[in-house]
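Please open the model in a viewer and keep the selection panel at hand. The tour proceeds by selections, each followed by a description of what is found there.

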Amino acid sequence: MAEFSLHLTDDQLQIKDWIHEFAKDVMRPAAQEWDDREEFPWPVVQEAAKIGLYGIDFMMNAMGDPSGLTLPVAIEEIFWGDAGLGMAIMGSGLAAAGITGNGTPEQIIEWVPQCYGTADDVKLGAFCVSEPDAGSDVSSLRTRAVYDEANDEWVLNGTKAWITNGGIADVHVIVAAVDPELRGRGQASFVVPPGTKGLSQGQKYKKHGIKASHTAEVVLDDVRIPGRCLLGGKEKLDAKLARAREAGRTGEAQPAMKTFEATRPAVGAQALGIARAAYEIALDYAKERVAFGKPIIMNQAIAFKLANMITQIDAARLLIWRAAWLGRNGGFTNAEGSMSKYYASEMAVKVTEEAIQILGGYGYTREYDVERMHRDAKIHTIFEGTSEIQQLVIARAISGLRVE
Ligand SMILES: Cc1cc2nc3c(=O)[nH]c(=O)nc-3n(C[C@H](O)[C@H](O)[C@H](O)COP(=O)(O)OP(=O)(O)OC[C@H]3O[C@@H](n4cnc5c(N)ncnc54)[C@H](O)[C@@H]3O)c2cc1C
């Protein structure tokens, strides 16, 4: 077990500096253009792939780090650069996590590299759980997976909503109900290979923030996939379903929840990066902007805002690093992953709002980046478990009761 330390290793510091350069020189200058265009930023992702930031090797290296800290450190820098572009770079990671969390070693080796492609031929992954009538309530998924034994194929039907990289991804990981009566325990995850007939993009959403990230519906119309595309394999699924049928409410965690639990500190780190970026802009501005004959930071009203912002940013980072370390070393005891995501995302909304306030009229316009950062921060209180759901998870962990 690695010891928990706030001291980053030389390797981690190098990675942090390397990503910071990319975020500063490539991402930040391109951020406003892609926010305005509201299109997937292929050139930026391709550039990230060329330097090795977007790709299987980087993700495996970061995820294999025994301290668990490399990934949140990297993500904070990426999202410091820009959140919309950052989501475009990180979105495939959710599909990769869905495969590594539920797949066999052979499936991981086959499919995770296909979520990224190569530097010369970039590919994308999408992780598809949410549906128009099932977001927080993932146990109510309507998308059905039916086994066609004669052909050893699964047939998928349904509609997925708000999917990052939905329809433009090469690999779609789909969570579907195999036995709807068992609700969450009757679900399984499937890989839909590139070019499979019947999978199409539905509407592309116009969003409040992270506009460079592609978010769309995924429509599954009699999608036939080989039996080997069931993550974890048929034997394991059959055993799980049998256990769930026998034991009623007991059984294993549903696959979607497993993936989300593992990725929460990383989502917190995204929010942290945005908040730190907005804080830095506000601090510089407050030192330079003169009102009533002195820099506005000379007023406690402004200086205390900045003092609160940096305190909350540092507190979020400590929660995230602790959760990331626990995730790798011994597991969570009090929903520390949820705590970190909940605190960091709410903090980022508040800090970016305060940044706008400090910049006054300029802050409300697109002349400064804080306006975009505020819009980008907001999604973090919604996706991968809303703030209310995080509080529910924490409340259940500390009480041992099924708080509703
Ligand atoms: C930009 C974007 C990208 C996304 N990317 C993906 C993706 O890649 N893959 C994917 O599968 N999904 C994705 N999502 C979907 C996202 O995870 C869901 O939107 C989210 O889980 C919330 O679900 P919902 O929208 O159905 O809200 P609902 O579940 O309907 O919730 C509405 C409100 O009710 C509250 N609420 C619900 N239940 C309770 C309860 N029991 N107690 C208290 N309050 C409750 C919620 O907190 C929220 O405030 C994305 C969404 C967006 C906007």
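The stops below concern the domains, a contact between two of them, the ligand shell, a helix crossing and a set of paired strands.

**The domains.** It should be noted at the outset that this is a predicted model. Begin by colouring three ranges separately: residues 10–115 are assigned to domain 1, residues 125–247 to domain 2, and residues 255–399 to domain 3.

**Domain 1 against domain 2.** Now display domain 1 and domain 2 together; their C-alpha centres are 24 Å apart. In the contact between them, 24 residues belong to domain 1 and 22 residues to domain 2. On the domain 1 side, select helix H1 (10–37), helix H5 (83–90), helix H6 (92–102) and helix H7 (105–111), each of which supplies at least two residues to the side touching domain 2. Which helix gives the most to this side? The answer is H6, with seven residues. Colouring this side of domain 1 by class shows 13 nonpolar, nine polar and two charged residues.

**The ligand shell.** Next, select the ligand and the 22 residues around it; those that come nearest are Val-129, Gly-135, Ser-136, Thr-386 and Glu-388. Strand S1 (125–128), strand S3 (153–164) and helix H13 (387–399) are the elements that give two or more residues to this shell. Which domains each contribute at least three residues to the shell? They are domain 2 (125–247) and domain 3 (255–399). By class, twelve residues of the shell are nonpolar, six are polar and four are charged.

**The crossing of H11 and H13.** Keep H13 in view and add helix H11 (residues 336–364). The two axes come within 9 Å and cross at roughly 145 degrees, and the crossing is left-handed. To see the contact, select Ser-338, Met-339, Lys-341, Tyr-342, Ser-345 and Glu-346 on H11, together with Ser-387, Gln-390, Gln-391, Val-393 and Ile-394 on H13. This contact of H11 with H13 comprises four nonpolar, five polar and two charged residues.

**The strands beside S7.** Finally, return to S3 and add strand S7 (residues 215–226): the two pair in the antiparallel sense over nine bridges. To locate one bridge, select Glu-153, whose partner in S7 is Pro-226. Then add strand S6 (residues 199–204), which runs antiparallel to S7 and is joined to S7 by four bridges. Which residue of S7 is the bridge partner of Ser-200? Selecting Val-219 displays that partner.

Conventions:
Residues numbered from 1 in each chain as written. Predicted model: local features only at pLDDT ≥ 70, side-chain atom pairs only at ≥ 80, totals over all residues. Domains from an automatic or database assignment. Contact = placed C-beta atoms within 7 Å. Nonpolar A, V, L, I, M, F, W, Y, C, P; charged D, E, K, R; others polar. Near = placed C-beta within 6 Å. Axes fitted to C-alpha atoms, helices over the stretch in contact; angles between N-to-C directions. Left-handed = near helix turned anticlockwise from the far one by under 90°. Pairing = 2+ DSSP bridges.
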